[in-house]
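User: I want to learn how to read a model like this one, feature by feature. Can we start with the metals?

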Amino acid sequence: MTSTQPPHAGDVIYTARLIRTANPSHPTATAIAVRHGKVLSVGTLEDCQQWGITTIDRQFEDKVLTAGFVEAHSHVMTGMYSTFPFVGWFGRHMPDGRWVDAVKSTDELVERLRTIAAEKESGSPIVVAGFDPIYLDTERLSCHHLDEATTQHPIFVYHASGHLATVNSFVLNKYDIGPNHPAPGVGYHGDGQPNGELREPAAMALARDEFRLLGRVVFAPETLDGFGQTMRNAGITTATDLGNVFHNNEEVLKTVLETTEKESFPVRMASVPRILGGPDGIDEMVSRVLTARTHSHDKMHMPVVKMVLDGSIQGFTAVVNWPGYITGEDHGLFLFPPEQVVDLLRPFHQAGIGIHCHCNGSSTSGVFIDAIEQLLREHAWLDHRHTITHAQLITHAQMRKAKNLGMSANFFVNHVWFWGEQHRDFTVGPDRASAMNPCATADRIGLQYSFHTDSPVTPAGHLHTMWAAVNRVTPHGSVLGPNERIEVDRAFHAVTIDAAYQLHMDHLVGSLEVGKYADMTVLEQDPYEVDAMAIRDVPVWGTILGGIPSKSTAQR
Amino acid sequence: MTPTPRIPVLVIGGYLGAGKTTLINNVLSSATQRIAVVVNDFGSVNIDASLIRERHNDTIELTNGCICCAVGESLADVLFSILDRTELPEVVVIEASGVANPAAVAAFAHIEGFHHLGNVVLVDGTHALETSKDPLVGRTFSLQVQAAHLLAITKSDEATDSVISEVRSIVSSLAPSTPLVLTTSATLSSLMMNVAPHADSAVTATHTEFSTTTLSHVSAQDEKQLFAFLQNFPPNVVRAKGIVELANGDRRLVQKVGSTISISQTELPTTGLVLISLK
Ligand SMILES: [Zn+2]
Ligand SMILES: [Zn+2]
């Protein structure tokens, strides 16, 4: 059968070994037709040819195409590794595709810094990021180690946690940081001399010039580009910058809109403003967000807003219900007065803007869910999809209530691998640690959910989150919460259509259905077919974004 | 290297509704110095714009509910931007958010160019009993009180004496050695801002709870001795300010806010020392 319509310029059919659509009506296919960046037809080659298309691109014939992965909680700061060398404990791809090996000891760190210093003019700052000493069994990093790398440059090692930096003696001298410095957060050796540790941004800011370099990177165009490349290399086709202030600055917003619109920008972006300040400024923010939204284009959407309500579990700053943390001092604090949360969220809810609220602790999830209940009593918006993001320690009762209220959860399931052992042994203990990010229970209850990496907190890429949710293994080989493991098909939907749903973008992305963007992740293997423990190792060829192939630059 | 003079930073904290905004408005309207006010809640501080223009004060909006977390938009960046100005303020007043720990906010006051004057924490006389016991924010309340160098119970005229005395005992048990005053926002504002020899009447003339002493000849061998001298003031001295000469002729601006003492370099002439005490 042939079409009566002539083909349009640029029409193309891609064939593949297998296409996984994330569309339960037609879960698999072998060909997909694209017109104007959208899915024209998906099924067999014959189905697709009904549109009269003669251009058939067979380059993916031995590959697996899936509905493009959607990341509903990551940060543009992912691109900071375009500027600052990465020195983390788990190796990682840089935005330009280079693979950087793990830094597994203090000596290796010093060696890296020495190499960097050798290429720099003396006096010019060396800022490196992503250092993660939590697994390091060598001596605690101090200024003395860093002095071995160079005494001619200021060195600022920004740790992965974001809560600590270690500097060398050059920095200590430059800013007159000596014994008995009045700032809390300056670390000392036993003899009273500073050891180079600067805890929390307040102390890090003592190293003024180096700290300011970190701050500037947020708005640097290289950072945004680096974000896009990192996401594409990881096979993500829609990536969220969750919680920015772009809408506050016309200049910045304009740059972001222009950068993302370029054909070379390799990912569709959801830009999510963060709720700031007190209730009196909120109406103004709502109107700014609505105005900014009118400038959205195909590759830049502003579907929801974010509120940050507490800290992190490993930092002991998440607000956790009784009985609290098993070790360490409880630093859990709400970032907004709980009784003010309803007032702060009401204008968004009323304006029909979805809300993603950062809740790591159980207490925090409770406050957010109660606030949404109140808002729904006042104003019946049934399709709100308000989302508890992180939701790591959410209780079963909270999940049942959230489900009844039509809410959604975005689990930080990578934590099981990256910090699960710490949670089991130090933060909340084995019972609650094994119930963290409870995907299977959410399914039993019927609560809608997705996964996120919070990149750069954990590396971008959904094969890893799927792998973590399916296996729940930890670096030393235990299975943390076997009853919360889920099937690979469920995990695949979590990182595609369910993530799109939370962003109110499921009519545009998240599955391969006729009329939606032709966004696909291109894989060398089928994650359903490989051994469950090998899901995260499935090679990513790249993506197809709006019908246009975009090959990963990641070195294998 | 001669140390550059450092701008004093006063942190005003306290749970939501404790009267921080009123206090800041009072500070702006009564102060004679050039003040930069850093507010946490944009829009929530209904600071009278005309006051700001007339007095060349300004407010700077912080862009985050938690002013001490996000890199690139932290309080540090706000303070750096203050130093970038051509006309520096004489004092920086930071309003901590209603749930912030003032100690975490004050931690920023030690970056180059600033010094920390103290944390004044307000306690809402009408709500403190509930807030202190609230399962969600009781701990926040305690941390705020414990971070104070000077505590002030506000709205005491709106609560019964028995409630106020209960609030007093809760607050004192949390922070037994921190001076506690029961006063209006206007008085508190003068107490912070308008302490100077010969102009001290602002605080004491209309208020019977305080008395003022001026020590006109204070001299000290060095900073260490000066610090020890100030430390030995009786605990009812809630505020002190003045410029003192050291043996080598250098001068120091001395400030005491409640339980905290700060000493900084100054070029200004000696003034003697004004002490304001609770009667
Ligand atoms: Zn978060
Ligand atoms: Zn995040």
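Analyst: Start with what counts as a donor: an N, O or S atom within 2.8 Å of the metal. Water is not among the atoms, so a site may look incomplete. Keep in mind that this is a predicted model.

User: Which residues coordinate the zinc ion (ligand 1)?

Analyst: His358(A) coordinates the zinc ion (ligand 1) through ND1, and His390(A) through NE2. The distances are 2.0 to 2.2 Å. His358(A) sits in strand S18 (residues 354-359) of chain A and His390(A) in strand S19 (residues 387-390) of chain A, so the pair ties together parts 32 residues apart in sequence.

User: Which residues coordinate the zinc ion (ligand 2)?

Analyst: His73(A) and His75(A), each through NE2, and Asp454(A) through OD. These distances run from 2.0 to 2.1 Å. The donor spacing in sequence is H-x1-H-x378-D. His75(A) lies in the loop between strand S6 (69-74) and strand S7 (92-93) of chain A, and Asp454(A) in the loop between strand S21 (448-451) and helix H17 (462-471) of chain A. That pair links parts of the chain 379 residues apart.

User: How many Å separate the zinc ion (ligand 1) from the zinc ion (ligand 2)?

Analyst: The two zinc ions are 3.3 Å apart.

User: Next, the backbone. What do most residues and peptide bonds look like?

Analyst: Most residues other than glycine have a negative phi, and most peptide bonds are trans. Now look for departures. Asp454(A), a donor to the zinc ion (ligand 2), has a positive phi of about 55° although it is not a glycine.

User: Which peptide bonds are cis?

Analyst: One joins Ser455(A) and Pro456(A), with omega about 15°. Pro456(A) is in the loop between S21 and H17 of chain A, and Asp454(A) is in that loop too. Another runs from Trp322(A) to Pro323(A), with omega near 5°. Pro323(A) is placed in the loop between strand S17 (304-308) and helix H10 (341-351) of chain A.

User: How do I read a domain contact? Take chain A.

Analyst: Begin with the bounds, then the area, then the polar pairs. The assignment for chain A gives domain 1 (84-216) and domain 2 (220-549). Their centres, taken over C-alpha atoms, are 30 Å apart. Ten residues of domain 1 and 15 residues of domain 2 make the contact. Together the two domains of chain A bury about 1,000 Å², 54% of it on carbon and sulfur atoms.

User: Which three residues supply the most of the area that domain 1 of chain A buries?

Analyst: Arg92(A), Pro95(A) and Tyr135(A) supply 51% of the area that domain 1 buries against domain 2. Across this chain A interface there are zero salt bridges. One residue pair is in polar contact. The domain 1 side has five nonpolar, two polar and three charged residues.

User: And the same reading for chain B?

Analyst: Chain B is assigned domain 1 (1-194) and domain 2 (196-279). The contact takes 24 residues from domain 1 and 21 residues from domain 2. These domains of chain B bury about 1,800 Å² between them, with 62% on carbon and sulfur atoms. Zero salt bridges are counted, and four residue pairs are in polar contact.

User: Which element gives the most to the domain 1 side in chain B?

Analyst: Strand S5 (114-124) of chain B is one of the elements that give two or more residues, along with strand S7 (180-182) and helix H8 (185-193). S5(B) gives the most, with five residues. By class, this side has 13 nonpolar, eleven polar and no charged residues.

Terms used:
Residues are numbered from 1 along each chain as its sequence is written. Chains are lettered from A and ligands numbered from 1 in the order in which they are written. This is a predicted model: local features need pLDDT of at least 70, side-chain atom pairs count only at pLDDT 80 or more; totals for chains, interfaces and linings use all residues. Side-chain values use heavy atoms; hydrogens and water are left out. Domain bounds come from an automatic or database domain assignment. Contact means heavy atoms within 4.5 Å. Buried area is the accessible area (1.4 Å probe) that two parts lose on being put together, summed over both. A salt bridge is a side-chain nitrogen of Lys or Arg within 4 Å of a carboxyl oxygen of Asp or Glu. A polar contact is a pair of N or O atoms within 3.5 Å; within protein, one must be able to donate a hydrogen and the other to accept it, and residues adjacent in sequence count only if both atoms are side-chain atoms. Helices (H or I, at least four residues) and strands (E, at least two) are DSSP runs, numbered from the N terminus. Ala, Val, Leu, Ile, Met, Phe, Trp, Tyr, Cys and Pro count as nonpolar, Asp, Glu, Lys and Arg as charged, and the others, Gly among them, as polar. Donors are N, O and S atoms within 2.8 Å of the metal (3.2 Å for Na, K and Ca); water is not among the atoms, so sites may look incomplete.
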